[in-house]
Amino acid sequence: MACKVALVTGGGSGIGAAAARLLAARGAKVGLIDIVEAGMTAVCAEIAAAGGEAFSIVADVSDEAQMRAAFERIATETERLDTLVLAAGINGVWAPIDDITPAEWDRTMNINLRGTYLALHLGVPMLRAAGGGAITIIASVNGQRTFSTTGASCYSASKAAQLALATQLALELAKSRIRVNTICPGSTVTGIGINTFRRNTDATRIPVQFPEGDVPITGGKPASASDIADGIAFLSSPEARHITGAVLNIDGGQSLIR
Ligand code: NAD
């Protein structure tokens, strides 16, 4: 089915913003959810200037009341939802396991995993009501194939859990004609640096060396957000009608050598 109305969490920056622009360019009306308003305002203005349609809602994806209010707003903006792209996430604190605090652990888990759950919990009934749809969850090569990112234990665990959740739901939601897929990006140039805090990571560093750069396909250059958005648009499109429960690594081969 065509992607008619799409909702993108984390739509104000990076991968979510690139996905929102691309889905709008391909004809979808796009709703954005983000905790930061400014980025979404800019993305919506760009989409409108290009002749597309978009609206934005400020909400913390980990907060049940805010997400319930966001979905009530969505119901006033559009009568249907066909596509969910779940890109809101943080790197959080990267630190040794005996250093990262319970509060730091909970914050990363709440945004990355609880936030994914809440968007699914509230969004799936709308996809079902539309007769089916596509969900793409943005996990990471961390937690799937890459475990050498020093101090990233909580982040990796949150991303592995997103992947398990997506795979489980691919089966659970198949009878509702809802496809659920996961994209695992490698290193991608986005705004995630402002949500990354490294502490004492040298204490657990593993000696790995990539003399010719750690992204084989580009000689070391990381992905752009639109490299990832192309995968999101494909998985959200009718061309991916038979694809569910899939994991698409978009990392230029980076995870093969990590
Ligand atoms: P980004 O920081 O550019 O975008 C993430 C967006 O999520 C931001 O706009 C941010 O404001 C929003 N956000 C953060 N906390 C939120 C909250 N509580 N509620 C609502 N919105 C919130 O980063 P990005 O790289 O585009 O990240 C998108 C996804 O891609 C993340 O899940 C990240 O884990 C994943 N990822 C990124 C990379 C990378 O190298 N950039 C690699 C692998 C996976």
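This is a short tour of a predicted model, with stops at the ligand, at one strand and at one residue.

**Stop 1: the ligand**

Select the ligand and display the residues around it; there are 28 of them. Which come nearest? Ser-13, Ile-15, Asp-34, Tyr-155 and Thr-190 do. Sorted by class, this shell holds 14 nonpolar, 11 polar and 3 charged residues.

Next, select Asp-34. One of the polar side-chain atoms of Asp-34 sits 2.5 Å from an oxygen atom of the ligand. Then move to Gly-191, where a polar backbone atom is 2.9 Å from a ligand oxygen atom. Select Ile-192 as well: a polar backbone atom of Ile-192 is 3.3 Å from an oxygen atom of the ligand.

How much of the ligand does the protein cover? On its own the ligand has 820 Å² of accessible area, and the protein covers 94% of that. Now colour helix H1 (14-25) and helix H5 (153-172); these are the elements that give two or more residues to the shell around the ligand.

**Stop 2: strand E7**

Select residues 178-185, which form strand E7. Are the residues of E7 buried or exposed? The strand is mostly covered, with 8 of its 8 residues buried. Turn the view to compare the two faces. One side carries Ile-178, Val-180, Thr-182 and Cys-184, the other Arg-179, Asn-181, Ile-183 and Pro-185, and all of these are buried.

Add strand E6, residues 133-138, to the selection. E6 and E7 run parallel and are joined by 6 bridges. To see one position in this pairing, select Thr-136, which stands opposite Asn-181 in E7. Follow the chain from E6 through H5 to E7: this path is a β-α-β crossover, and it is right-handed.

Add strand E11, residues 247-250. E11 pairs with E7 in the parallel sense too, over 4 bridges. Here, select Cys-184 and look for its bridge partner in E11, which is Asn-249.

**Stop 3: Thr-9**

Finally, select Thr-9, which lies in strand E1 (residues 5-9). Why does Thr-9 count as buried? Its relative accessibility is 3%, and buried means under 20%, so Thr-9 falls in that class.

Show the side chain of Thr-9 together with Ala-87 and Ala-88. What does this side chain reach? The side chain of Thr-9 reaches the backbone nitrogen of Ala-87 at 3.1 Å, and the backbone nitrogen of Ala-88 at 3.2 Å.

Terms used: Residues are numbered from 1 along each chain as its sequence is written. This is a predicted model: local features need pLDDT of at least 70, side-chain atom pairs count only at pLDDT 80 or more; totals for chains, interfaces and linings use all residues. Side-chain values use heavy atoms; hydrogens and water are left out. A residue is near a molecule or strand if one of its heavy atoms lies within 4 Å of it. A polar contact is a pair of N or O atoms within 3.5 Å; within protein, one must be able to donate a hydrogen and the other to accept it, and residues adjacent in sequence count only if both atoms are side-chain atoms. Accessible areas come from the Shrake-Rupley method with a 1.4 Å probe; for residues, only the protein chains shown count as cover. Ala, Val, Leu, Ile, Met, Phe, Trp, Tyr, Cys and Pro count as nonpolar, Asp, Glu, Lys and Arg as charged, and the others, Gly among them, as polar. Buried means under 20% relative accessible area, exposed over 50%, partly exposed in between (1.4 Å probe, protein chains only). Two strands pair if DSSP finds at least two bridges between them. A crossover is right-handed if, with the strands pointing away from the viewer, the path from the first strand over the helix to the second runs clockwise.
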